[in-house]
Amino acid sequence: MPEAIVQTVARFGFLALLWLFVFLAVRTITKDLLVQRRAAPAGGAPGMAPGSEQPQRRGSKRPAVAQWLVVTTGALTGQRFPLTGQPISIGRAKDSTIVINDDFASSHHARIVPREGQWMVEDLGSTNGTYLGREKVSRPTPVPIGVPIRIGRSSFELRS
């Protein structure tokens with residue numbers, strides 16, 4: 001009799017753990033899909049500057065100039081780093097300009113550098129890669145304002 005009770009409790013416990021695993025897997029997949037959907041601008045609304053959350057000024061011929069690197073997801077969410085014309089290194093190493101404590105980030109993961117009047121992101125041979133929007137960065141790539149740079153669990157955006 002007690003063996004039957006133990007078996008029944010073990011079965012329900014296993015079933016509960018199985019459903020918990022399924023729930024967590026679905027939640028993780030949903031989060032990733034939402035981040036990707038938010039990362040890829042779908043043409044934007046009329047009157048919006050491409051790749052930007054700000055309205056385009058009528059008669060404005062100059063593109064917006066990035067002044068901040070803003071952390072949009074991760075442990076440092078909400079922090080803003082001024083773009084002063086100096087390279088910004090991102091990684092787990094203490095000598096990085098932006099230190100992120102993330103198991104999915106390399107010690108020297110990526111660098112954002114000004115080049116020819118625009119900001120470029122380059123992956124520094126990281127294990128898990130650096131992504132600009134949905135694309136994996138394999139060479140220095142220009143970063144439009146408002147397009148997320150994803151490093152591990154953290155995302156960054158250039159803002160004006």
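These legends go through several close-ups of a predicted model.

Some ground rules: in this predicted model, local features need pLDDT of at least 70 and side-chain atom pairs count only at pLDDT 80 or more, while totals for chains, interfaces and linings use all residues. Residues are numbered from 1 along each chain as its sequence is written, and side-chain values use heavy atoms, with hydrogens and water left out.

**View 1. The whole chain: one helix and 11 strands.** Reading along the sequence gives α-β-β-β-β-β-β-β-β-β-β-β. Helices (H or I, at least four residues) and strands (E, at least two) are DSSP runs, numbered from the N terminus. Of the 160 residues, 28% count as buried; buried means under 20% relative accessible area, exposed means over 50%, and partly exposed is in between (1.4 Å probe, protein chains only). The protein exposes about 11,200 Å², and carbon and sulfur atoms supply 58% of that. Accessible areas come from the Shrake-Rupley method with a 1.4 Å probe, and for residues only the protein chains shown count as cover. Among contacts with a separation of 6 or more, 37% are between residues 24 or more positions apart; a contact means heavy atoms within 4.5 Å.

**View 2. Residues 41-53, where pLDDT stays under 50.** pLDDT is the predictor's confidence in each residue, from 0 to 100. Its mean over the protein is 84, and 81% of the residues reach 70 or more. For residues 41-53, the model has 16 contacts beyond four places in sequence. Where pLDDT is low, the predicted coordinates should not be read in detail.

**View 3. A nonpolar patch that includes Phe 14.** Phe 12, Phe 14, Leu 15, Leu 18, Trp 19, Phe 21, Val 22 and Val 26 make a surface patch of about 890 Å². Patches are made of residues with over 30% relative accessible area and no salt bridge, with like charges joined within 9 Å and nonpolar side chains (Val, Leu, Ile, Met, Phe, Trp, Tyr) within 5 Å. Phe 14 belongs to helix 1, which covers residues 2-39. Phe 14 counts as exposed because its relative accessible area is 57%.

**View 4. The six-stranded open sheet.** Its strands run in the order 2-1-11-10-7-8, with antiparallel pairing. Strand 2 (80-82) and strand 8 (135-136) sit at the edges with a single partner strand each, so one side of each has no neighbour in the sheet. Two strands pair if DSSP finds at least two bridges between them. Strand 1 (residues 68-73) and strand 2 pair in the antiparallel sense over three bridges. Look for Leu 69, whose bridge partner in strand 2 is Phe 81.

**View 5. The five-stranded open sheet.** Here the order is 4-3-5-6-9 and the pairing is mixed. Strand 4 and strand 9 (141-142) are the edge strands, each with a single partner strand, so one side of each is left without a neighbour in the sheet. Strand 3 (residues 88-91) joins strand 5 through three bridges in the antiparallel sense. For Ile 90, the bridge partner in strand 5 is Ala 110.

**View 6. Arg 111 and Glu 122, a salt bridge at 2.9 Å (N to O).** Arg 111 lies in strand 5 and Glu 122 in strand 6 (residues 118-123), so their bridge ties together parts that are 11 residues apart in sequence. A salt bridge is a side-chain nitrogen of Lys or Arg within 4 Å of a carboxyl oxygen of Asp or Glu. Arg 111 is partly exposed at 32% relative accessibility, whereas Glu 122 is buried at 12%. Arg 115 joins Arg 111 and Glu 122 in a network of salt bridges. Glu 116 is in the loop between strand 5 and strand 6. Its phi is near 55°, a positive value in a residue other than glycine, and Glu 116 is exposed, with a relative accessible area of 76%.

**View 7. Asp 102 and Arg 153, a salt bridge between two loops.** The structure holds four salt bridges, and in this one the side chains meet at 3.8 Å, N to O. The partners are 51 residues apart: Asp 102 is in the loop between strand 4 (98-99) and strand 5 (110-115), and Arg 153 is in the loop between strand 10 (149-151) and strand 11 (154-159). Asp 102 is buried, with a relative accessible area of 4%, but Arg 153 is exposed at 53%.
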